[in-house]
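I open these notes with the ligand site, and then go on to the aromatic rings and a few single residues. I write down what I looked up in the order in which I looked.

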Amino acid sequence: MRTRHGFAGTVGNTPLIRLGRLSAETGCELLAKAEFLNPGGSVKDRAALAILQEAELGGRLKPGGTVVEGTAGNTGIGLAHLCAARGYRCVIVIPDTQSEEKFALLRTLGADVRAVPAVPYADDNNYQKVAGRLAQELPNAIWARQFDNLANRQAHYAHTGPEIWNDCGGRIDAFTCATGTGGTLAGVARYLKEQDPAIRIILADPYGSALYNWVKHGELTSEGSSISEGIGNSRVTANLQGTPIDDALRIDDRSCVAMVYRLLREEGLYVGGSSGINVAAAVALAQQMGPGHTIVTLLCDRGATYAARLFNPQWLAQKNLL
Ligand code: PMP
């Protein structure tokens, strides 16, 4: 028998998909790791599991305890699934700008969802800070703290990075992805650079995020805005600190939307906006590096989560992105 143990045992070991048309077009091997096939539907199942396991091992999270997190959605979804499976209460603080589908799903999964106004990190009422305070006030509660809890990047160093390396058979020239907490990029980049320092690590960033300018010019400044959810940041998180990053690419919403629809119409892959940014960055990188290179990125989550936005022509028309 070859079985997996419950939800937790089903996280990870996702397939690496060759993108046929885009590979043929660029002359590169364009490979995308299907993180949307994790049981909670996103790459964040990995961080959620690692954070809970670390808190359990350290004795901070006890049976019947409460897990509190400030999250734009996917980490909350992963945590809510895992809390249900492990008998914890789950409290999710989420900015009120996030998609309605994410709120509905979190409630269905049994989470106590607290919507707060979307205000900058510097504000005391920022969703992450509200989550931190709630965890202190509630009995027997931990704050998952995905942005600065290094269990997040450790999950990607221990699993996502090695899975990519093994599935590529060690033939990989570059890895690119967008970052929210930075956990994915930080963990994967560290692991890959240890295997071969020549592998290029490229941060992909939407407009409105400060990380592109941080990589390019060493300053945390931003221009414009983006419809993307769950990615971009105005600060360097503990997870992102010290990541070996060679360069950054900035992808605008038009390129992101165009790529999301190409993935759907040409590859039959129904994925969210950050996946569009990632694959657009991989293609831009292939054009920079020239034919003959193997470039890996991630498909972070499912398109269904964005049915009312990214996959709704009226909404796209309102944003002038149709
Ligand atoms: N894509 C989506 C859809 C996400 O929700 C997130 C996490 N917020 C990311 C990408 C980025 O992952 P990480 O937090 O590991 O940087």
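**Entry 1: the ligand site**

Which of the 14 residues around the ligand come nearest? I find that Lys-44, Gly-180, Thr-181, Thr-184 and Ser-274 do, and I note at once that I am reading a predicted model.

I then sorted the shell around the ligand by residue type, and its residues divide into three nonpolar, nine polar and two charged.

Next I went through polar contacts of the ligand one by one. The side chain of Lys-44 has an N or O atom 2.7 Å from an oxygen atom of the ligand, and the side chain of Asn-74 has an N or O atom 2.9 Å from an oxygen atom of the ligand. At Gly-230 the partner is a polar backbone atom, which is 2.8 Å from a nitrogen atom of the ligand. I also looked up how far the ligand is enclosed: on its own it has 400 Å² of accessible area, and the protein covers 96% of that.

**Entry 2: Asn-233 and Gly-180**

Gly-180, one of the residues that come nearest to the ligand, turned up again when I looked at Asn-233. The side chain of Asn-233 reaches the backbone oxygen of Gly-180 at 3.0 Å. I place Asn-233 in the loop between α9 (211-217) and β9 (247-251), and with a relative accessible area of 11% I record Asn-233 as buried.

**Entry 3: aromatic pairs**

How many aromatic pairs does the structure hold? I count three aromatic pairs. One of them is formed by Tyr-157 and Tyr-191, which meet edge-to-face, at 5.9 Å centre to centre and with 75° between the planes. Because Tyr-157 lies in helix α7 (residues 151-167) and Tyr-191 in helix α8 (residues 183-195), this pair ties together parts that are 34 residues apart in sequence. I checked the exposure of both residues: Tyr-157 counts as partly exposed at 25% relative accessibility, whereas Tyr-191 is buried, with a relative accessible area of 15%.

The rings of Tyr-261 and Phe-311 have their centres 5.5 Å apart and their planes at 45°, so I enter this pair as tilted. Tyr-261 belongs to helix α10 (residues 253-267), while Phe-311 sits in the loop between β10 (294-299) and α12 (313-318), so the pair ties together parts that are 50 residues apart in sequence. Phe-311 has a relative accessible area of 16% and is therefore buried. I add that Tyr-261, Tyr-270 and Phe-311 form one aromatic cluster.

**Entry 4: charges over Tyr-121**

Which residue has its charged end over the ring of Tyr-121, 4.6 Å from its centre? I find Lys-129 there. Arg-235 also lies over the face of Tyr-121, and for this residue I note 4.2 Å from the ring centre.

**Entry 5: positive phi**

I looked for residues with an unusual backbone angle, bearing in mind that most residues other than glycine have a negative phi. Arg-145 is not a glycine, yet it has a positive phi of about 55°. I find Arg-145 in the loop between β6 (141-143) and α7, where Arg-145 counts as partly exposed at 35% relative accessibility.

Asn-320 is likewise not a glycine and has a positive phi of about 60°. Asn-320 lies in the segment after α12, and I record it as exposed, with a relative accessible area of 58%.

**Entry 6: distances in sequence and in space**

Where is the place of Pro-291? I put Pro-291 in the loop between α11 (273-289) and β10, and its relative accessible area of 64% makes it exposed. Pro-291 and Glu-25 are 266 residues apart in sequence, and I note 9.5 Å between them in space, C-alpha to C-alpha.

The last residue I looked up was Ser-222, which lies in the loop between α9 and β9; Asn-233 of my second entry lies in the loop between α9 and β9 as well. Ser-222 is partly exposed, with a relative accessible area of 42%. From Ser-222 to Ala-210 I count 12 residues in sequence and find 4.5 Å in space, C-alpha to C-alpha.

How values were computed
Residues numbered from 1 in each chain as written. Predicted model: local features only at pLDDT ≥ 70, side-chain atom pairs only at ≥ 80, totals over all residues. Heavy atoms only, no water. Phe/Tyr/Trp six-rings, centres within 6.5 Å; stacked < 30°, edge-to-face > 60°. Helix = DSSP H or I, 4+ residues; strand = E, 2+ residues; numbered from the N terminus. Buried < 20%, exposed > 50% of the residue type's maximum accessible area, 1.4 Å probe, protein only. Lys NZ or Arg CZ within 6 Å of the ring centre and 35° of its normal. Near = heavy atom within 4 Å. Polar contact = N/O pair within 3.5 Å; in protein donor to acceptor, adjacent residues only side chain to side chain. Areas by Shrake-Rupley, 256 points an atom, 1.4 Å probe, with all protein chains shown as cover. Nonpolar A, V, L, I, M, F, W, Y, C, P; charged D, E, K, R; others polar.
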